[in-house]
Amino acid sequence: MQLDGIREFLALGVLGLPAATFFLLGGLALFHRSPDEKTTTRLTALTFITNFVFAVTSLFLVFTNGPLELNLGSLFQVTGYNFEIEFLVDRLSGTMMVLTTTVLGLVAFFASTYMHREPGFERFFILLSMFATGMLLIVMAGSIDLLFGGWELVGLTSVLLIGFYQDRDAPVKRAFAALVTYRVCDAGLLLGAMLLHHYAHSATLGLAFTNTTWPIGVGHMGQGAATLVALLFLVGSLGKGAQLPASGWLPRAMEGPTPSSALFYGALSVHAAVYLLLRVAPIFAEAPVARIALVIVGLSTAVYGTLTGRVQSDVKNTLAYATMSQVGIMFAEIGLGLHTLAVVHMVGHACVRTLQLLRAPSALREANAMYAAFGGIQPKTGAHLEAMFPEGLRRSIYRHALDGFHLDALVQRVIANPVVWLAGRVDAFGRWFHATMIGLDTATTQKPVEEKVEQEPQSIPRPALGTRS
Amino acid sequence: MTRLEFPFLLLMLVVPFIFGLQMPRMTSDRLARRYSIALAAGMFLVASALAVFYFASLKHPQVWVDPILITYAGKLRPILGIDALSAPLLPLSTFITLVVLLACPRIDLDRHHIGSILVTEVTVLGLAMAQDLVVLTLFWIGMCVPAWLDARRRGDIVLARTISRYQGLGAIGLVGATVVLGLSGMHDHVAAPLAMSDLVIHEVTSEYAAPAAICLVLAVVARGSLFPLQTFLPVLFERGHSGLAALLFVSRPASYLVARVLLPLLPDVGPTALSLVAGLGLVTAIWGGLLALAQRDLRRFVGALATSQSGLTLIGLATTNAEGLAGGFIYWVASSLSLSGLVLVVAMVRARTGTTDIRKLGGIAHTMPRASLMFLAVGLTAIGLPGTLSFVGEDLLVHGVLDSYPWVAAAQLVATLLNGIAFFRIYTEAFVGKARAIKVPTGRDLAPRERWAIAGLVVASMGFGLMPRGIVHARDLAAEETLSTESQHGHQGPGKPAPSH
């Protein structure tokens, strides 16, 4: 009984600490009372070190005492519906908790130096805490509803960090592109969660799948329903996992600060998609069609990622395509039912890719050092693909790979442009209809309102702390 | 019995009405602002206390908030009162009024505007308290009069005509429905044919029910800015006074009419009429989302978002199940909080830059970081971020709609998706990125009173979003009350019966 209490405390601590840090830092920022760099760094370091200890202990206790299900009651309840706050710490989530807290701690430590005196230092750490909260919520959620909450937080943080450098147009535009991809795919996840409620009468993992001890859980929805729900979850995972056809945002996302690139697109955010698929694996087990789709998507992305990655001239872009490719292989592994292999692959890949991305800013110096160490001879690696294809085909492949196989242009033409066109027509029709309704012409109704501008300043800028008049 | 016999309900209407009429005669705008803020703060406290008192009365039947009664057909009948539907709307409306008076740019807040805001608040509160069809109709019609007069005073013929034409149609619908329901009551010898307490017991016969429902749907379409009259809210937000637009959006008369009249009084034709409302709500929600995506003007964008969210609220109310209804009610509150914040931040930006055209703005976060942060924070509460009240509303809405209209649930997600994308497009175009034509001098960022007022809206949305049990329970009670009235039609009236005198 006492041990259960300790385990519950540890689990709540893992999630609660970054959430508390986020609310503290975010609240202070909202009221424009952000602490200095040193305080921010210390607070974040304390949070993530404690978190790591709690996570490791929780995982150890999972291995010694079995999984922990923690129900904190309902967030809200109406007649016929109850939104449960339920957490699940089992082998899968315990492993992810340790991975998440380890990488978070390392990245926070790296960022405290990397982001020093960078405009938006506090903003970065607020977003880091928000991301930690969201990611841990995904990992520890005992229901798909709660998982979706974390999923949205991670997506939002990702978008805000891609557009971190707000004074330039390119990061902002790329952040918007990532957001559109996320929102479209997230709709699939949300609908999948709703249908899970509908068919399994619960989105709680323990109730939707008869056995909560991962990976042995069994769904009981029937093949048709399971296929529909699984396909929707697949759509949901395409965005975060940067899988075809929703992969275009990942290389563009490298506009954000390097620590956030490592955290999101090397270590954790992209793997959230893999985690989701592993978590709902019992539904896929019931849906062979969805598993085939999963394998096809994964393998296509793996091939696409490796071919496109080969023609990149930027180290972060190359790493982005390599990540995409590896995540694709993990999708295929899950589709083939190799769940344990997928977990090992995910953890190993997250660690390696984080290291590579954190070292990316010094890649040129390292390449020079390596070149010098080899005595000025460039070792030839990675030529296995060249050996497989004839030269003409190879050139053709690389020419198309340079433009990402025109995928972005295709998505733009087939999806984005028609929606924008439709929105324009809707607006034009609305303006015409309104003008007709009130008996005026559209030129009159569209005449802008005369604007008045306040002349006197609203607030006097406060001098920076430490300055003297 | 602990009874609140003091006529608070009447005073909440009379005092601001008198103040509102007297405001233009004040000696200075500054004095008018001070008096009005003090009055609005007092109103908010009283409204909150009344709401708390009402919900306490549900657990402790000896506690009771007295309705305002008049002798009608030889018997005392309530014309104003509080029930589960209206109780949370009183603090909500008064809170938004207070925030508007605190945060609206001074340039937009002269004595005339303050007077209009206070009178509009009276009509919003009156509509929420109305227990009689005639009273409800009067407040309904009166609600847009200050905005119409304001448009005429400013010489904005487009807005004045928009309000008169669109709202005229709504008024025709409601007056028609009131007349038909009254005739039905007279035909069946109901003692007080226009008192809702009597009408809810009396079953409206089919020959009267159909025309009444048609009239009500017309009123709902016109006032709810539903397809094909969905162009009202964008024009109101684009050309109207920010504070008045916010208050008119908060009042949501169409949603109120569905919950107060269509559902409980016309259960026989209700399903057909509600299916129609749900269908139009869905088209409107998607239309509003697309419209928001195409906008280059911040104010028109907020109007488009309001149109979409108005449609979503009505879909929830039309589901006739507890989840959908509660979701609709929660979404009503959530979108009121967040869109009021958005329209006010936009007004602040306009007061400093002289424009709301995003092609001219761009990158103003560099000189107005606080305005940018507030726009982002309020916007996130509008598009269903987890941890905000709109997330709770959306979750309940989708669950409720999935039970009643499964395909509508999927289409509804398209609307929320478009809203989110449109918001981020506007935010990235107007606030971040490279600075464009408009250069805002430093030192023109939000003043403390503006920041605190908008932060109050964000905190309210997040506070209710993280701890939603209280408000969800309150709205669930309203949903249950509405549903029980509908299902037990002829046996029981809405809320508590009036005490015998």
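How many salt bridges does the rule find across the interface of chain A and chain B? The rule finds one, and the views below start from there. This is a predicted model, in which local features need pLDDT of at least 70, side-chain atom pairs count only at pLDDT 80 or more, and totals for chains, interfaces and linings use all residues. Residues are numbered from 1 along each chain as its sequence is written, chains are lettered from A and ligands numbered from 1 in the order in which they are written, and side-chain values use heavy atoms, with hydrogens and water left out.

**View 1. Arg300(B) meets Asp427(A) in a salt bridge.** The closest N and O atoms of this pair are 3.3 Å apart. A salt bridge here is a side-chain nitrogen of Lys or Arg within 4 Å of a carboxyl oxygen of Asp or Glu.

**View 2. Chain A and chain B share a contact (heavy atoms within 4.5 Å).** Chain A brings 68 residues to this contact and chain B brings 85 residues. About 6,700 Å² is buried between the two chains, with carbon and sulfur atoms giving 68%; this buried area is the accessible area (1.4 Å probe) that two parts lose on being put together, summed over both.

**View 3. Cys104(B) is in no disulfide.** A disulfide is a pair of cysteine sulfur atoms within 2.5 Å, and the whole structure has zero over all chains. For Cys104(B), the nearest cysteine sulfur belongs to Cys144(B), 17 Å away. Cys104(B) has 0% relative accessibility, so it counts as buried (under 20% relative accessible area; exposed is over 50%, partly exposed in between; 1.4 Å probe, protein chains only).
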